[in-house]
Structures are given as C-alpha cells and as structure tokens.
Amino acid sequence: MKNYSEYFNKKSRMIRSPEIEGGNQGRLAPLQPEHLQHRLTELLQVQNDYFPCFDWAFPPPLLSKRKPPSDAPTLFAQPSVTPGRYSVYLHSPFCKTLCSFCYYAVIPGRGVQHADTYVDYLVREMVLYRDSLSGQVCESVYFGGGTPTFLDDDLLVRVFTGLRDNFTIEPGAEITIEAAPGTLPRAKTALLRDLGVTRLSYGIQTLDEALLAGMNRHYSVPEAIRELEDAVQIIGNVNIDTMYGFDGEPEEALTSTLTAFHAIGIPSVSIYALDKQRNQAKDVQLPPKDLQYEHKIQQFARAETLLHKMGYRQVLQNVFVDPQRGSYRHQLRRWDNLPLVALGMNSQGYAPRRPYQNMISMKSYFEAIDAGRLPVATMDELDPAMELCRELTSKLRFTFVSRSELMYKYGVDVSRVFADLISALNGLGYIANDGDVMRMTPQAAYYNNVIPMLFAPDAFKELLLGLPEEYLQGFPVPYVMTQLGFAQSCPISFPASVPGERRALGRRQHGQRHRSMNGAAVQNQRATVNQRQANRRRADRYRPWLAGTQLTATPGAS
Ligand SMILES: C[S@@+](CC[C@H](N)C(=O)[O-])C[C@H]1O[C@@H](n2cnc3c(N)ncnc32)[C@H](O)[C@@H]1O
Ligand code: SF4
C-alpha cells in the first residue's frame, strides 16, 4: 500500500511547509577535496529528476516560510541588485478545458464566468504596488496562465489599460501573452497588437491529432495553424510550446511537429518533456525516478540537432529562437535577480531578496485585496549569499555562468568560493569552462536539476539538515546536498563597498564622491571603475538578450 506524505496531497501539491529545526551546526561533513569526485559519483546515482525543467527554483520550496508583509513598500524594502528596474507577471487561470497533463493552477470550462470579477481584482492588485514602484521602469510583462487569450476582448483591454495606468512600461519592453488553440481569432490577435503585445506564446504541444485527443485538447489542427499564421503576420514574434514523452507517441512526433512549424516561419520554439511526477501521488518509500528519462534525453537531443540545423539559437536549455525575429528576454532576466511583481492568484514573484507566491485559491486572493492587503501567501527571506547563489545556480541550470558578471554584480569570485566543487565536476565531465563562462555539459543532462543546487551556501545545506526525514530521504535535492557535506573552498565574503548593479547608481553619483577624495584615492577609484566596466563589457557579450531582440552570441548553446 502507498504511504502518502503529510506535506503533499495526492497530486503532489504542497499542503504544509515543513518546519526546520535549528541546531545543526557541525553535523555536515567537512570538505574533503580529494574525495569530492568519488563522493559525487556515488551520490548522483541516487536519484535523477525531481524538479521539472521549467519549474526549477532556487532555493527549493522546502524552507520554512516567513510571514509575508501585507504592503508593497515593506515587501520591496530590501536593496535591489538591478536598481530602478522590474518586470511584471500576471496570471489568468481560465482555460477552455483541463488538459490531462497540466498541473498549473487553472479553472477550466464554465469557471470563466468569474473572469470579469477576477480582472477587477487584478487591476486593484496593481494599485497596491503602484506607489512603491513609482520612479522605476518596467522592462517586461508576461501575461500567462491558464489561457489569457480565453478572456473576452473587453477584459483584455481592461488588463492592459490597468498595466499602463499603474506601471511605467519602458518603450521597447517585451510584452508577452500566452495563448491556446481555439482562443485566438484574427481580430483578437490584432487587438493584442494594438494593446502593445510584442510577443505571443502559443501552446500547441503537437500536431498529432490522436495524441491531442488523449490530452483532452479538442481543436482542429488546421484551425490552430491558421491562428498561428495570423499571429506570425500580425505580431511576428511568436513562440510555440511543444511537448514530448507521451505514452504511445510515435518516435518522430516531435521532430515532425518542429519541421512543420519551421515551414510556416515560427521564430521561436520551446520544447517540454512531459512531466508526470508533479501530478502523481508521492510514494515516500520510493525515490521519484522518471523511467522515461533516458528516452526523453535522446528525443531531446534529436530535436536539438534539428533545430540547430534549421538556424535556431538555443537561448535556454529547451528554448530555441530565430535571432532575427524572436526574443526571450522576460524569462532570462529572472535569473539576473530582477524584481518580478506577481499579479493574480498563485503567481510567483521576486521582491529583492524575497521570492514570494500569491494565494492559490480565488476566495483568499479576493479576500486579501478586499482587506487592502497584498494577496501574498508565502515568502522566503534570502541573505546576500543566498541571493548571489540564486543567480549562480539558476544561470548554471538554465543558461551559463559568467564569472566576471557575478564579480561585477556582487564583488564575489564564485570560481574561488567553489573551486574544489568546480574542479570535481570538471573532472567528471559535468561542467565545462570556456574562458570566463562556466556551463553544464550535455553529459550532465541526467542530473541537471540536482547539480546546480550543489552551488548553495554551506550554511544553507546545514540548515537543510533540520528538515523532516521525509524530505531528506524522499527528495533527491536535499538528500544529495546534505550528503555531499560542505562544498565551499572559502567563505562567501562581500566587499565593503556597495555590490551589484547598484554600482550603476554609484557611478551616477561618482563626480560628487570625487570632490571629497584625495588624488591617490581618485586614481584607485578610477582603476577599479575601469576594471569593473571592462568586466561588465565582457559579461555583456554573454548577455545578448539585454541588447534587445537581436541575439548576437549564444555561448550557452551546446
Ligand atoms: C502555462 S502552460 C500555458 C499554455 C497554454 N495554456 C496552452 O497549453 O495551450 C505553458 C506550457 O507548459 C507546458 N506544460 C504544461 N503542463 C506540463 C507538464 N505536465 N509537463 C510538461 N510540460 C507541461 C505546455 O507546453 C504548456 O504549453
Ligand atoms: S490550456 Fe494550457 S494552461 Fe490550460 S489546462 Fe491546458 S496546458 Fe494547462
């Protein structure tokens, strides 16, 4: 008989955050550089994938949550490493039907009758943030779901008017909306363009009609193709979501789908491996192994080769973009620790050093806003080392790490801090270094949800030891992290001066500081600033998405 978790329901949704007990100092095994490679080899046999690719987050959702503040000025009170800038995510939960594979917070079918009220609350939530973000610019908006294009035209107008009334959206901002087949007549696509949408992400999954019917997705493929052709004509910058790994799926289903979309000129393609683990009951006696994993890795490798041949560039492990016509800025900027304002039920945001998530039920979401409170349900509190490691681990997981960029932003040389761990992973062939850039190799694919987590501060790993046994035994991430023991070769120490992109602000006040310094101090200061600017230029070479929609380099591509 299955033994279910007391922290997860039968659909593996977390029902209770674990309490972490303190007093674990000294329980983590000390760093033994000479044994690290051997230890990693043993540990990485344990389990493979727990966090699915697109839902991976550092820190993992295991920590005791702090009580979130009820107002935006308090939530956004910590200093930002990207000062003056933020992005916005909005969630619309409504969908025509509930797809069999989906584990998002969606309200299918007739639930859409609440959409009018829901949009009122979305706009009222924007007002709660307005004053604390005034003077800053919003560089991207992502309207996801659910299926936001399932909303009527007048509701879409209200959402976009609310955004412009309450936030300063910079010219050239990337504004994305998600769509599903059967919800995008030509007139709606034109309306979205007029409302300022610059990018459309269309979930089509596959062109195999038999597979679609098995997913409870009922629409005609020719209709979907017509909607997509209109979108390419009207908006241009269009992404499609495709999926693979279904039972009974023909071997070539994914590659034929990709070939067909390339033929109709789709500029951006995301490919997702079907993740069943999130929807399955967790059996705490067994590690969560995905038996299809190796097969999925092979399918992915074939799709990757095909997309490269077709001229797409890999901007994220599973996202491929035609550099002339597509963009993918919003999601990539998340890994720069750019603040992300979360609007709508269940949406996830990032206030400086405070990842947070909104209430999951519509009732509690409405009640909080009625009471004039932010509808934030859970929040983590990160110290500066955890914030740095959030950027380091996320970039390693999703793209690549530019060490000089992190040095510039945080004043910390991560290659020194994790020297022994990097060298052990290099030795095992899981991490490659190319000058300033470090990334995971294709051989790491099997462990790519676990390896980045090892680059967490040792103090955090020690904290994890205070988790209930269930977490330590049943989940690969905390298990591997705690069993590896200490992995830092030296402490993470921040320079006394203000770190991060905050230096950009410092430079603006530069002249003022010069007046109060003597000659030698001015020269030192200049040398440091020049060095930082050189580092910055080097790092920018690897951050093509910041330069606009034109991608000029992809060192992360493998
Ligand atoms: C938030 S959904 C929104 C897209 C849109 N509603 C649609 O499905 O047409 C974003 C994407 O996540 C992917 N996705 C959803 N559930 C998944 C699962 N269980 N495993 C893998 N990918 C999944 C699908 O490719 C989907 O298009
Ligand atoms: S349409 Fe998209 S969001 Fe809605 S249930 Fe299907 S996959 Fe999930």
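# Reading ligand shells, strands and a helix in a predicted model

Biologist: How many residues of the shell around ligand 1 are nonpolar, how many are polar and how many are charged?

Modeller: The shell around ligand 1 consists of 8 nonpolar, 5 polar and 3 charged residues. Please bear in mind that this is a predicted model.

Biologist: Which residues come nearest to ligand 1?

Modeller: There are 16 residues around ligand 1, and those that come nearest are Ala180, Gly203, Asp241, Tyr272 and Asp275. As for the elements behind this shell, β4, β6 (199-205) and β7 (238-244) each give two or more residues to it.

Biologist: Which residues surround ligand 2, and how many of its shell are charged?

Modeller: The surroundings of ligand 2 comprise Cys95, Leu98, Cys99, Cys102, Tyr104, Val106, Gly145, Gly146, Thr147, Ala180 and Gly203. This shell around ligand 2 has 7 nonpolar and 4 polar residues, and no charged ones. Ala180 and Gly203 deserve a second look: they are part of the surroundings of ligand 2, and they are also among the residues that come nearest to ligand 1.

Biologist: Before turning to the fold, what is the mean pLDDT of the protein chain?

Modeller: The mean pLDDT is 83, and 77% of the residues of the chain reach 70 or more. Two stretches call for caution. Residues 501-522 have a pLDDT below 50, and beyond near neighbours in sequence this stretch has 16 contacts in the model. Residues 535-558 likewise stay under 50, and here the model has 46 contacts beyond four places in sequence.

Biologist: How many helices and strands does the protein chain have, and what share of its residues is buried?

Modeller: The secondary structure comprises 21 helices and 17 strands. Of the 558 residues, 44% count as buried. The contact pattern adds to this: among contacts between residues at least 6 apart in sequence, 76% join residues at least 24 apart.

Biologist: Let us turn to single strands. Is strand β1 enclosed or open, and why?

Modeller: Strand β1 (residues 85-92) has 7 of its 8 residues buried, so the rest of the structure largely encloses it.

Biologist: Which strands pair with β1, and in what sense?

Modeller: One partner is β4 (residues 137-145), which runs parallel to β1 and is joined to it by 8 bridges. The pairing can be followed residue by residue: serine 92 has glycine 145 of β4 as its bridge partner, and histidine 91 stands opposite glycine 144 in β4. Another partner is β11 (residues 340-343), also in the parallel sense, over 4 bridges. There, valine 88 has valine 341 of β11 as its bridge partner.

Biologist: How many residues of β4 are buried, and where does its pairing with β5 place cysteine 138?

Modeller: β4 is mostly covered, with 7 of its 9 residues buried. It is joined by 5 bridges to β5 (residues 169-179), and the two run parallel. Cysteine 138 stands opposite isoleucine 169 in β5.

Biologist: What is the order of the strands in the open sheet that contains β17, and which of them stand at the edges?

Modeller: The open sheet has 3 strands in the order β15-β17-β16, with antiparallel pairing. β15 (401-402) and β16 (431-434) stand at the edges; each has a single partner strand, so one side of each is left without a neighbour in the sheet. β15 pairs with β17 (residues 437-440) over 2 bridges, and serine 402 stands opposite valine 437 in β17.

Biologist: Which residues of helix α15 are buried, and what covers them?

Modeller: In α15 (residues 419-427) the buried residues are Leu421, Ile422, Ala424 and Leu425. Down the axis of α15 these buried residues fall within an arc of 165 degrees, so they line one face of the helix. Their cover includes α1 (33-43), α14 (414-417), β16 and β17. Just after α15, glycine 429 takes a positive phi of about 80 degrees.

Biologist: Why does leucine 421 count as buried, and which residues does it touch?

Modeller: Burial requires 20 or more other C-beta atoms within 10 Å. Leucine 421 has 23 within that distance, and is therefore buried. Not counting residues up to four places away in sequence, leucine 421 touches Leu36, Leu454, Phe455 and Ala487. Of these, phenylalanine 455 is 34 residues apart from leucine 421 along the chain, and their C-alpha atoms are separated by 8.2 Å.

Terms used:
Residues numbered from 1 in each chain as written. Chains lettered and ligands numbered in written order. Predicted model: local features only at pLDDT ≥ 70, side-chain atom pairs only at ≥ 80, totals over all residues. Near = placed C-beta within 6 Å. Nonpolar A, V, L, I, M, F, W, Y, C, P; charged D, E, K, R; others polar. pLDDT = per-residue confidence, 0-100. Contact = placed C-beta atoms within 7 Å. Buried ≥ 20, exposed ≤ 12 C-beta atoms within 10 Å, placed from the backbone. Pairing = 2+ DSSP bridges. Arc of directions from axis to C-beta.
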